[in-house]
2 protein chains.
Amino acid sequence: MTAYQQLERRFARLAHLDAAQGLLDWDQQTMMPDGAAESRAEVRATLNLIGHELITDRQLADWLDEAETDGTLDDWPRANLEAMRRRWRHANAVPADLVEASSRAISKCEMIWRTARRDNDFAALRPSLQTVLDLQRQIAACKAEALGVSPYDALLDSFEPEGRSAAIDGLFDELADFLPETVAAVLERQARGPDVARPQGPFPVERQRELGTRLMQAVGFDFQRGRLDVSLHPFCGGADNDVRITTRYDEADFVKALMGVLHETGHALYEQGRPADWLHQPVGAALGMSLHESQSLIVEMQACRSREFLDFAAPLLRETFGGDGPAWQADNLHRLYTTVELGFIRVDADEVTYPAHVILRYRLERAMIAGDLALADLPGAWNDGMAELLGVVPPTDALGCLQDIHWPGGAWGYFPTYTMGAMTAAQLFEAAGAAEPDVLPGIARGDFEPMVGWLRRNVHGHGSRLSADELLTQATGRPLDTAAFKRHLTRRYLDG
Amino acid sequence: MTAYQQLERRFARLAHLDAAQGLLDWDQQTMMPDGAAESRAEVRATLNLIGHELITDRQLADWLDEAETDGTLDDWPRANLEAMRRRWRHANAVPADLVEASSRAISKCEMIWRTARRDNDFAALRPSLQTVLDLQRQIAACKAEALGVSPYDALLDSFEPEGRSAAIDGLFDELADFLPETVAAVLERQARGPDVARPQGPFPVERQRELGTRLMQAVGFDFQRGRLDVSLHPFCGGADNDVRITTRYDEADFVKALMGVLHETGHALYEQGRPADWLHQPVGAALGMSLHESQSLIVEMQACRSREFLDFAAPLLRETFGGDGPAWQADNLHRLYTTVELGFIRVDADEVTYPAHVILRYRLERAMIAGDLALADLPGAWNDGMAELLGVVPPTDALGCLQDIHWPGGAWGYFPTYTMGAMTAAQLFEAAGAAEPDVLPGIARGDFEPMVGWLRRNVHGHGSRLSADELLTQATGRPLDTAAFKRHLTRRYLDG
């Protein structure tokens, strides 16, 4: 067996461990009885440890060195080898005891965060968050040395391969310039526009579930290789050929669960569309978080908040819930789906104000990782940033810097991928529409194949073979920029 | 760290892998979409392989040798070490390529069996079943050498530690003598007795589920550490502190699902009652299949088909299904629950005729493993045995030697544990009633604590610390015999 073949075998084993973890995680969030939590944590820690041993094992380093001198590898195996090396670098950059200390600190901090947020008590969170931050800075320093990038970029790189803050700074600065006036104009235009009527419930969970299932099928979700279930926090998880999404129902409001289902369906299409021959290899994995988010946002924001979508969906909605009258007309539903509001909470934000929430967090976490912002000063810096970017100041930390789990959970470097995803979605959707004129007319008929077919060919099927820049350049003619996203917001919210 | 401590760490890791497998197996049978089957098989094969490597690793052999010279170990660690050695012997006796060949043959044969049974086509099954049998005989030979027992006993030993066919022969011969006249007498008595009225459905699934849940709670199932779900074939699985049972509902007949739930609840009580300090160690595991089956049968057969149980359950049944009239009276329901019938299918058999089905299979599989019975002669030998033991001859192989998955599935040596379990249940229940006079009166009130408390102390809490003989001797004053089982059948079916 060649070194490369050995590597394929080893990474397949790692993929199987990841699949087991994905299924156990899904189970934990949807099915597990409370009393199993501690045992489950032990099982997952063991699988983690086994995976860590498999990727830090000395033999693997030798195989990588040897395979990299192998001149016989074709395009895909060569890209696979690069993806293996990237994973190896991330896993081997950090000493095992630092990984373990960080896992423990995160578990503890997440628990404290739940209480602190509920009690609006940042002081209660600070000591454990300080520990998490200190360890993240140590991890960042280790990875920075191994990858030859800045500490923040080293963290970013684990979510967004080749993602660099120099590029993000430029994009986000452009958006930060564009957004305040745009938001103001949209709010003013909305205030002048017709009132939005809200369909009245209750909307029974079972009908919501049927509707979600029907729309998932229309969009292209393959139920032979996936499921829809319920969890407190919606997610897309599971394993290869077994992609499981969740939502959460509210009988007073069907829009949230439905849009959540469509969002997760976008993630799921990416997972279900990965290259079949490489499913268990690094090159067959989804590329990174911004591309992943772009796939959820193409479905949720670009396709399913379009006016065209409501031509298809409004009759379905009326039929499902027995709805009747002005509130159930496509135009009104479209206004409801595209209402813009200034708010404090990121996860409740619309697509126009969302980037401001992300830019704020990105700037703050960069400063904290760089050591330029102390945790003691975080609440103040948060509120200043909200005032600057959105013109509102949260009345409490619970509505401010305590709202997200990412920092307590150790996901430093993750936030920018949300808005990079939104920009990527706009750029891809625009290119898809240019290449396939039937994309929007198809959506109006409930036929998503023109859009999804284009995404399969231009995004999903590539796995991790190309970098994000390469993929976007092939698919849209240029690397990521803000132009399509700005055009999208302007067209939908100011010209429409 | 001492060698023993190293072993504890290694076996905890193996227990975590087993827990992951248990949860993935549950998922596969209850939740998994069809298209995931192949990927799932790969994931589980990888976890299997990792486990196999962990237990066949040379270091483990050294630690075992060293720990066995350690004079400082107390009672439980010493028993744990013995249980570790037993697992090690079984895992290391068989070469890896034979294990793998056998797994592959079993997967293939199980698939063919499904079709062959449906089509009543033994000839179609024979070649793949021959391969499975040949490999089982090789495995048996390897294990026989390692364990110093006969080939059949070596297979039996993996389901029933220390189980030996010499002992089983004696017990089963006694039953084979006892049963034909007993069955005849029961049938004759039944024919003379009052007609049994059958409650008329439909019995909505949701009501059946509520009733099952309520009875599980009454019996003592801990829903904080377990679940009830639906699968094609009912089972008890899951993981430590996460015991999951399943059933299958039929709206025309509530008795089957309900008795299935109670049966699996018995298994689950054993799992939930294992010693908490040793949950992830071999000594904390359930002892063997006959003791496990005894726990399901104590709940299903001894407790919940008793006349006393119906005092508690009949009002609940009437309330649940809105039942009324003679069919819903406790006496009639008890007659319904204890109806004896000659039949061809083991899984449909009542407790009086069930042992005949098992004795037949036990004798046939012993002969096949010994090389004394060729597969070509199996259908004829099956029918001869049915004629001898039950006085009926199946009209087709589908109702005969094709009915069970055990042989295609590689579970040779498993069958006798069903009837050993039935005998063990009778012996334990009799002893429990003698020690705790409130066992049966408690059941009549829906209070299972007197019975379950006794089982916790005398069975569940011991894990694998004692052999089956030791456990039974401590709990009942003697090793397994047929006396209590015969008394039970006579009392319930002839004297009652």
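In this predicted model, chain B holds an open sheet of 3 strands, and the order across it is S1-S3-S2 with mixed pairing. The edges belong to strand S1 (226-230) and strand S2 (236-239) of chain B, each of which pairs on one side only. Step from one strand to the next and you'll find a twist that averages 25°.

Let's take the two pairings in turn. On one side, S1(B) and S3(B) run parallel, joined over 5 bridges. To find your place in the viewer, look for Val230(B), which sits opposite Thr247(B) of S3(B). On the other side, S2(B) meets strand S3 (residues 242-247) of chain B in the antiparallel sense, with 4 bridges between them. A handy landmark here is Gly238(B), whose bridge partner in S3(B) is Val243(B).

How many residues lie between S2(B) and S3(B) in their hairpin? There are 2, and if you like checking backbone torsions, go to Asn241(B) in the turn, where phi is positive at about 60°.

Now for S3(B) itself, the strand between S1 and S2 in the sheet order. S3(B) is mostly covered, with 6 of its 6 residues buried, and buried here means under 20% relative accessible area. Which way do the residues of S3(B) point? Asp242(B), Arg244(B) and Thr246(B) go one way, while Val243(B), Ile245(B) and Thr247(B) go the other, and all of them are buried. Two of these names are already familiar: Val243(B) is the bridge partner of Gly238(B), and Thr247(B) is the residue facing Val230(B).

How values were computed: Residues are numbered from 1 along each chain as its sequence is written. Chains are lettered from A and ligands numbered from 1 in the order in which they are written. This is a predicted model: local features need pLDDT of at least 70, side-chain atom pairs count only at pLDDT 80 or more; totals for chains, interfaces and linings use all residues. Side-chain values use heavy atoms; hydrogens and water are left out. Two strands pair if DSSP finds at least two bridges between them. Axes are lines fitted to C-alpha atoms, for helices over the stretch in contact, and angles run from 0 to 180 degrees between N-to-C directions. Buried means under 20% relative accessible area, exposed over 50%, partly exposed in between (1.4 Å probe, protein chains only).
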